[in-house]
Amino acid sequence: MAATNAKIWQRMLALPVLFVSLVTTCAYSAVLPQDRSDAMYHSYSGDGVTIDGPSVLLRKKIGNKVSLSANYYVDTISGASIDVRAQASEYREERTETTVGADFLHNKTLMNVSYTNSSENDFEANSYHLSFSQDFFGDLTTLALSYSRGEDEIRRRGDESFLEEATRQKFGFGLTQVVTKNLIVGFNAENISDEGYLNNPYRAIRYIDSDSARGFSFTTEVYPNTRVSNAFSLNGNYYLPYRASIYGDVRYYSDTWGVSATNVKLGYVHTFGKAWIVDAHVRLYQQDQADFYQDIFNRADEFTFMARDKELSTYSGVAAGVGVTYEWAFSSDSYVEKSTFNLEYDYMQFDYDNFRDATAGGEVGEEALFGFSANVIRAYVSIWY
């Protein structure tokens with residue numbers, strides 16, 4: 001249940017080097033995913049927290065109409081973020097995620113169904129996903145629709161009687177267009193509805209308390225039971241005449257809690273010889289706070305809803321990264337068609353405008369503003385057969 005910036009940014013930055021090939025595949029025609037196996041090690045370190053673990057993906061076609069896939073992912077989390085350090089000691093936990101899915105091809109229509117289970121010692125989530133994509137106009141236009149539903153069970157360590165539930169639904173729309181032989185653009189929209197217990201049971205607000213030696217105390221956050229969010233994004237990929245490309249995307253997000261955010265990414269991919277691919281990219285992120293967020297409250301029951309989760313505050317982030325891929329091509333009569341080794345590194349910096357470091361000392365409510373840097377490393381091997 002350690003929902004941190006680490007997890008959010010890890011998924012935002014997932015597998016950027018493959019962006020070009022994935023977009024190309026989606027845009028030119030409806031085809032089943034290629035048979036492949038991936039083995040990855042990932043590591044995140046920042047804000048006193050280390051998250052690492054392996055991930056394995058297997059994908060195999062059955063005939064010309066069906067492709068099956070399975071993915072196993074592990075997060076081992078140790079340390080304590082600033083939220084926890086201000087109230088309690090460090091911890092260690094493990095999250096496992098298992099996904100099984102199938103793709104079905106019929107003429108120019110591709111359908112995908114999948115099921116994912118995510119499990120921690122105090123959190124269990126099951127989600128179901130269904131999507132369709134259809135090519136039009138000579139395979140130059142691809143329309144995609146998707147629906148996902150998630151059901152969560154939330155528990156709290158040290159409190160056997162604590163059990164809460166939440167449900168989540170997501171509708172997705174995507175349109176990809178080949179504009180010229182060198183340019184592909186895409187538009188995506190998402191609507192997400194969350195209902196139930198949306199708090200993190202370990203997070204707390206702090207309020208002024210003259211009876212406390214620190215001058216403040218903590219009590220549990222109180223969130224609304226519903227949250228509806230919308231996100232819109234535009235992306236583009238332009239192929240340069242010397243086996244390179246530039247790509248970028250911009251995404252806007254807003255929700256009924258008052259949070260709004262903008263994310264912009266720009267990248268460049270360059271090939272060297274027949275075997276090397278280098279990707280360099282930079283990402284900017286800016287977010288405005290939720291309506292019921294404050295760094296410190298005047299009393300424990302000041303408002304109906306109160307939050308001090310730094311992810312609901314006003315903050316900005318910048319990330320820069322590089323990825324290197326080396327490809328081995330095998331003979332046409334070999335069982336293994338090709339293999340790649342991929343190494344990616346991202347450096348991230350977050351600065352908070354109204355979240356203060358309660359452990360820093362100083363006058364209550366005037367402590368130093370919080371900020372931290374993080375490093376993300378991914379190394380993975382892929383085999384196509």
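## Exercises on aromatic rings, strands and a cavity

Y285, Y315, F350, Y352, F355, F370 and F372 make up one aromatic cluster. The model you have open is a predicted one, so let's work through it in that spirit.

**Exercise 1. Classify the ring pair F162 and Y197, and work out what it ties together.**

Solution. A pair of aromatic rings is described by the distance of the centres and the angle of the planes. Among the 23 aromatic pairs counted in this model, F162 and Y197 have ring centres 5.6 Å apart and planes at 75 degrees. Planes over 60 degrees apart count as edge-to-face, so F162 and Y197 form an edge-to-face pair. Next, place the residues: F162 is in strand β8 (residues 159–178), while Y197 is in the loop between β9 (183–196) and β10 (204–208), so the pair links parts that are 35 residues apart in sequence. Finally, check accessibility, where buried means under 20%. F162 has 11% relative accessibility and is therefore buried; Y197, at 14%, is buried as well.

**Exercise 2. Decide whether F297 is buried or exposed, and classify its pairing with F303.**

Solution. Start with the geometry: the ring centres of F297 and F303 are 6.2 Å apart and the planes stand at 70 degrees, so this pair is edge-to-face. Then turn to the surface. F297 has a relative accessible area of 1% and is buried, whereas F303, at 43%, is partly exposed.

**Exercise 3. Find the charged residues that sit over the rings of F216 and W384.**

Solution. Take F216: the charged end of R206 sits over its ring, 4.7 Å from the centre. Now go to W384, where K338 lies over the face at 4.6 Å from the ring centre.

**Exercise 4. Trace how β7 pairs with β6 and with β8.**

Solution. Begin with β6 (residues 123–136) and β7 (residues 141–156), which pair antiparallel over 14 bridges. One register check is L130, whose bridge partner in β7 is Y147. Four residues lie between these strands in the hairpin, and F137 has a positive phi near 50 degrees. Moving on, β7 and β8 run antiparallel and are joined by 16 bridges, with T142 opposite T176 in β8. Their hairpin has two residues between the strands, and G158 in the turn has a positive phi of about 85 degrees.

**Exercise 5. Describe the lining of the second largest cavity.**

Solution. The whole structure holds two cavities of 30 Å³ or more, and the second largest has a volume of about 30 Å³. Its lining consists of D83, Q87, R203, A204, F218 and R308. Sorted by class, that gives two nonpolar, one polar and three charged residues.

Notes: Residues are numbered from 1 along each chain as its sequence is written. This is a predicted model: local features need pLDDT of at least 70, side-chain atom pairs count only at pLDDT 80 or more; totals for chains, interfaces and linings use all residues. Side-chain values use heavy atoms; hydrogens and water are left out. Rings of Phe, Tyr and Trp (its six-membered ring) pair if their centres lie within 6.5 Å; planes under 30 degrees apart count as stacked, over 60 as edge-to-face and the rest as tilted. Buried means under 20% relative accessible area, exposed over 50%, partly exposed in between (1.4 Å probe, protein chains only). A charge sits over a ring if NZ of Lys or CZ of Arg is within 6 Å of the ring centre and within 35 degrees of the ring normal. On a 1 Å grid over the protein atoms alone, a cavity is a set of points where a 1.4 Å probe fits but cannot get out, and a pocket is an open set with protein on both sides within 12 Å along at least five of seven lines; lining residues have an atom within 4 Å of a point. Grid points are joined across faces, edges and corners, and a volume is the space filled by probe spheres set on the points. Ala, Val, Leu, Ile, Met, Phe, Trp, Tyr, Cys and Pro count as nonpolar, Asp, Glu, Lys and Arg as charged, and the others, Gly among them, as polar. Two strands pair if DSSP finds at least two bridges between them.
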